[in-house]
Amino acid sequence: MQDRMIPVKPTRPTLVLNGAGLPLGAIPLSRAVSLVMTHRAETLASEGVIRSPSVTLPAPTVIVRVGWVPSPRGVHTRVTKSALLARDRWSCGWCGMPGDTVDHIVPRSRGGRHEWANVVTSCLSCNNDKGSAMPDWSTLRVRPEAPSRLLVLSRQLARLGRGAWEPYLPAA
Ligand SMILES: [Zn+2]
């Protein structure tokens, strides 16, 4: 258990779950420790230690809130870039390479609307190649639909935790 003695930064993100095991978000380690110390959360997983002048404590990587705290419900109604990128796993909907631009499937210049059914994550190259041409729907690799809030949050947290939190997140 050598690594248990490794001090970690108080800003390291900690995953927060509710009592049903659903994700609520991520908070800095210092805040997570404060929730645990005041019995508003329990530690589910830890790694390393956090030191103050008086105490050394296991540093939680995952905590569970005590008491009922609802997790996000429903679908994202408004299109946002961050939710779109999470829906499409930060990959181009046309070629599958990493992507971080918003593409209107039917171009706005041709009457395409800014709505979930008409947006897809795109790499710069595909976005430029396509220009204002009409899309070839058969090559689209994702289903352009409004994502649930829980799916978006889970994918954003999985990315933030660089895989370490995936066992604690809904399979997405
Ligand atoms: Zn592409």
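Me: How are the donor residues of the zinc ion spaced in sequence?
Reply: This is a predicted model, where local features need pLDDT of at least 70 and side-chain atom pairs 80 or more, while totals for chains, interfaces and linings use all residues. Residues are numbered from 1 along each chain as its sequence is written, and side-chain values use heavy atoms, leaving out hydrogens and water. The donor spacing reads C-x2-C-x27-C-x2-C.

Me: So which residues hold the zinc ion, and how far apart in sequence are C92 and C123?
Reply: The SG atoms of C92, C95, C123 and C126 are its protein donors, each 2.3 Å away (donors are N, O or S within 2.8 Å of the metal, or 3.2 Å for Na, K and Ca; water isn't among the atoms, so sites may look incomplete). C92 sits in the loop between helix 2 (81–87) and strand 5 (101–104), and C123 in the loop between strand 6 (119–122) and helix 3 (124–130). That pair links distant parts of the chain, with a separation of 31 residues.

Me: Is S122 buried or exposed?
Reply: S122 lies in strand 6 (strands are DSSP E runs of at least two residues, helices H or I runs of at least four, numbered from the N terminus). Its relative accessible area is 0%, and buried means under 20%, exposed over 50%, partly exposed in between (1.4 Å probe, protein chains only). So S122 is buried.

Me: Which residues of helix 4 are buried, and what covers them?
Reply: The buried ones are V152, L153, S154, R155, L157 and A158. Their cover, judged by contact (heavy atoms within 4.5 Å), includes strand 1 (13–17), strand 2 (23–28) and helix 2.
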